Amino acid sequence: MTHFKVKQWDELKTFFTSFFSHVSGNVEQTVDSIRFSSPPTMVETSLHLFRDGTFGANMPLHGIESKVEMVDFQTEPHRVTFVGQGLEYIYRIPTQLILTEER
């Protein structure tokens, strides 16, 4: 598992982009935010993180918005955990979106 404090913004953005390069979808960056979104023809999901720690996640049948201090990335299984005061949210990447060498 790889951990970043939100304060480590530049390193977090770089790792976020690398992490989602193995997932079918699009990563968009601005100075103050980074966002992953899946292709509209597949499982609809998105993850948006802002420099101030605010984040939003949308998955089929649910969504969340909150503020965090820490972001943990885990490649097996593919998931991102957001940790804040009184909050631990796990964003699980649908297996249909994970790119493999066979696909």
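Is Asp32 buried, exposed or partly exposed, and what is its relative accessible area? In this predicted model, Asp32 is partly exposed, with a relative accessible area of 43%, a value that falls between the 20% under which a residue counts as buried and the 50% over which it counts as exposed.

The side chain of Asp32 has a partner, since it meets the side chain of Arg51 in a salt bridge with an N to O distance of 3.9 Å, which satisfies the rule because that rule asks for a nitrogen within 4 Å of a carboxyl oxygen. Distant parts of the chain are linked by this pair, with Asp32 placed in the loop between strand S2 (26–29) and strand S3 (33–37) and Arg51 in the loop between strand S4 (46–50) and strand S5 (54–59), 19 residues apart. Arg51 is likewise partly exposed, its relative accessible area being 38%. By the rule applied here, the count of salt bridges comes to one.

The aromatic residues give another view of the structure, for the count of aromatic pairs comes to eleven. One of these joins Phe16 and Phe73 in an edge-to-face arrangement, with 6.3 Å from centre to centre and 85° between the planes. Because Phe16 lies in helix H1 (residues 9–19) while Phe73 lies in strand S7 (residues 70–74), the pair ties together parts that are 57 residues apart in sequence. Phe16 and Phe73 are both buried, whereas Asp32 in the salt bridge described above is partly exposed. Ring pairs also carry the contact further, linking Phe16 and Phe73 with Phe4, Phe15, Phe19, Phe20 and Phe36 into a cluster.

Terms used: Residues are numbered from 1 along each chain as its sequence is written. This is a predicted model: local features need pLDDT of at least 70, side-chain atom pairs count only at pLDDT 80 or more; totals for chains, interfaces and linings use all residues. Side-chain values use heavy atoms; hydrogens and water are left out. Helices (H or I, at least four residues) and strands (E, at least two) are DSSP runs, numbered from the N terminus. Buried means under 20% relative accessible area, exposed over 50%, partly exposed in between (1.4 Å probe, protein chains only). Rings of Phe, Tyr and Trp (its six-membered ring) pair if their centres lie within 6.5 Å; planes under 30 degrees apart count as stacked, over 60 as edge-to-face and the rest as tilted.
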